[in-house]
Structure formats: C-alpha cells, structure tokens
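Please look at the model shown here and follow its strands, its buried residues and its charged pairs in turn.

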Amino acid sequence: HYQGRLYIRTNKGASNFRIVTAPLDDPSEASWTPFIDHDPAVKIDGMVFFARHAVIAEREGGLPALRVIEMPTGAAHRIATDEPDYTLALAANPEFDTDTVRYTYQSMITPSSVYDYQMDSRERTLLKQQEVLGGYDPAQYQAERIWATARDGTKIPVSVVYRNGFKK
C-alpha cells in the first residue's frame with residue numbers, strides 16, 4: 001500500500017514475477033496497472049516502500065540486488081556492491097518517513113554486516129560487522145565468480161576464494 005494504491009507482486013503471466021498497482025477499492029485484475037514489468041532474467045523477491053522511495057529485492061544471474069526507485073520521478077538505481085560474489089537482503093525497515101534503507105550483506109571474504117544506505121546521496125554506512133576471531137584480515141583474500149558450462153549447456157556459477165598470491 002502506497003499513496004492510496006496497492007502494489008501487488010504477482011506471477012500471473014510472469015514466472016519471475018512483476019509488480020502491478022491497483023486502487024484500494026478495486027484490487028481486481030481488471031484494475032491492474034503495470035509498475036515493474038516482467039523480466040525473464042530478473043526475479044522479483046519482494047519490495048518495501050518509504051515516503052519517497054520503493055526498494056525492490058531482485059535476483060539476477062543468481063545474485064541478489066536491491067533496486068531503489070525514487071517514487072516522484074521513477075528514477076532507479078541499484079545499490080552498488082564491492083565484490084563479485086555476495087549475498088544481501090533487506091533488513092527490518094519499520095520507519096516509513098526516511099531516506100535510509102537498512103540491509104544485510106556478506107560474502108566469502110566479508111563477514112556478516114549491517115548497512116544503512118542513504119537513497120538520495122547513495123552513501124552507505126557500516127553499522128555492525130560480525131567479528132572473526134583468530135586475526136582474520138579480509139585484505140589477504142580475493143574472491144571470484146566464474147562460470148562452468150554443464151553438459152547440457154547450462155551456465156553454472158562457481159564461487160572461488162583464495163589467499164592473495166595464490167597461483168591458479
């Protein structure tokens with residue numbers, strides 16, 4: 001629900017989902033208006049609304065992404081990540097009247113972390129990161145995401161992590 005309209009995530013005619021809007025008083029399919037069209041390469045996992053923004057949780061090429069949409073203009077961007085292979089997800093965001101979204105992030109190199117992301121300036125702030133005991137230094141490691149081809153031609157993502165200086 002946002003500004004008097006329902007925002008509905010549906011897989012009707014969209015295997016990876018799409019988002020439509022409908023008036024509060026008539027959410028029937030006949031009243032649906034497209035908001036985000038179906039994209040066979042991008043799965044829509046969910047959404048959260050703020051006073052001036054929507055954040056869409058997506059998955060493309062096996063990797064999660066968060067797309068920020070400025071509702072008054074429709075301008076959109078994805079929250080940038082620093083590593084080739086990772087996981088991220090929306091955290092609890094109970095405040096509606098804010099320009100900040102909270103999300104979690106981790107990779108095979110970066111421990112579980114919580115960030116606040118300012119949706120207008122695109123600045124992120126690390127709030128908390130899980131401590132790794134034993135003197136772990138993430139700068140000593142590299143990660144890659146490579147693709148292997150199965151016998152049937154399907155591309156399979158493979159995550160590889162190694163210590164700097166390792167000869168492949």
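Two strands are said to pair if DSSP finds at least two bridges between them. This is a predicted model, and with that in mind we can begin with strand β2, which covers residues 18-23. In general, the strands of a sheet pair through backbone hydrogen bonds, either parallel or antiparallel. Strand β1, made of residues 5-10, pairs with β2 in the antiparallel sense over 6 bridges, and within this pairing Ile-8 stands opposite Val-20 in β2. β2 also pairs with strand β3, residues 33-36, again in the antiparallel sense, over 3 bridges, and here Val-20 stands opposite Pro-34 in β3. Because 5 of the 6 residues of strand β2 are buried, the strand is largely enclosed by the rest of the structure.

Two residues around these strands deserve a careful look at their backbone angles. As background, most residues other than glycine have a negative phi. Gln-3, which lies in the segment before β1, has a positive phi of about 45 degrees although it is not a glycine. Phe-17, found in the loop between β1 and β2, likewise has a positive phi, near 75 degrees, and is a residue other than glycine. Are these two residues buried or exposed? Gln-3 has a relative accessibility of 66% and therefore counts as exposed, whereas Phe-17, at 15%, counts as buried.

We can now turn to another group of strands, an open sheet of 4 strands with the order β4-β5-β6-β7 and antiparallel pairing. Since β4 (42-49) and β7 (76-78) stand at the edges and each has a single partner strand, one side of each is left without a neighbour in the sheet. From one strand to the next, the twist averages 25 degrees. The partner of β4 is strand β5, residues 53-60, which runs antiparallel to β4 and is joined to it by 7 bridges. One of the residues to find here is Lys-43, whose bridge partner in β5 is Arg-59.

The next topic is the packing of nonpolar residues. In soluble globular proteins, nonpolar side chains tend to be buried together. The largest nonpolar core has 16 residues, and those that touch the most other members are Val-55, Leu-66, Ile-79, Val-101, Tyr-103, Tyr-117 and Met-119. The elements that give two or more residues to this core are β5, β6 (63-70), β9 and β10. Beyond its neighbours within four places in sequence, Tyr-117 is in contact with several residues, including Val-68, Ile-79, Val-101 and Tyr-103, and also Arg-122, Glu-123 and Arg-124. Apart from the largest core lies another core, of 11 residues, among them Tyr-2, Ile-19, Phe-49 and Ile-56.

Polar residues can be buried too, and Ser-107 is a case to examine. Ser-107 sits in the loop between β9 (100-106) and β10 (113-118), and it is buried, with a relative accessible area of 18%. Where does the side chain of Ser-107 make a polar contact with another side chain? The partner is the side chain of Glu-83, at 2.9 Å, while a polar atom of the Ser-107 side chain also lies 2.8 Å from the backbone nitrogen of Thr-110. Leaving aside its neighbours within four places in sequence, Ser-107 is in contact with Glu-83, Asp-85 and Tyr-86.

Asp-85 leads us to the charged pairs, for the structure holds 11 salt bridges. One of them joins Arg-145 to Asp-85, with the closest N and O atoms 3.7 Å apart. Because Arg-145 lies in strand β12 (residues 141-149) and Asp-85 in the loop between β7 and β8 (87-90), this pair ties together parts that are 60 residues apart in sequence. Both Arg-145 and Asp-85 are buried. Arg-102 and Asp-116 form a salt bridge as well, their closest N and O atoms being 2.7 Å apart, and since Arg-102 lies in strand β9 and Asp-116 in strand β10, the pair ties together parts that are 14 residues apart in sequence. Arg-102 is partly exposed at 33% relative accessibility, while Asp-116, with 17%, is buried.

A further salt bridge is formed by the side chains of Lys-168 and Glu-144, at 2.4 Å from N to O. Lys-168 lies in the segment after β13 (155-163) and Glu-144 in strand β12, so the pair ties together parts that are 24 residues apart in sequence. Lys-168 counts as exposed at 71% relative accessibility, and Glu-144 is partly exposed at 22%. Finally, salt bridges that share partners join Glu-58, Glu-60, Arg-67 and Arg-78 into one network.

Notes:
Residues numbered from 1 in each chain as written. Predicted model: local features only at pLDDT ≥ 70, side-chain atom pairs only at ≥ 80, totals over all residues. Heavy atoms only, no water. Axes fitted to C-alpha atoms, helices over the stretch in contact; angles between N-to-C directions. Buried < 20%, exposed > 50% of the residue type's maximum accessible area, 1.4 Å probe, protein only. Polar contact = N/O pair within 3.5 Å; in protein donor to acceptor, adjacent residues only side chain to side chain. Contact = heavy atoms within 4.5 Å. Core = buried A, V, L, I, M, F, W, Y, C linked by side-chain atoms within 4.5 Å. Salt bridge = Lys/Arg side-chain N within 4 Å of Asp/Glu carboxyl O.
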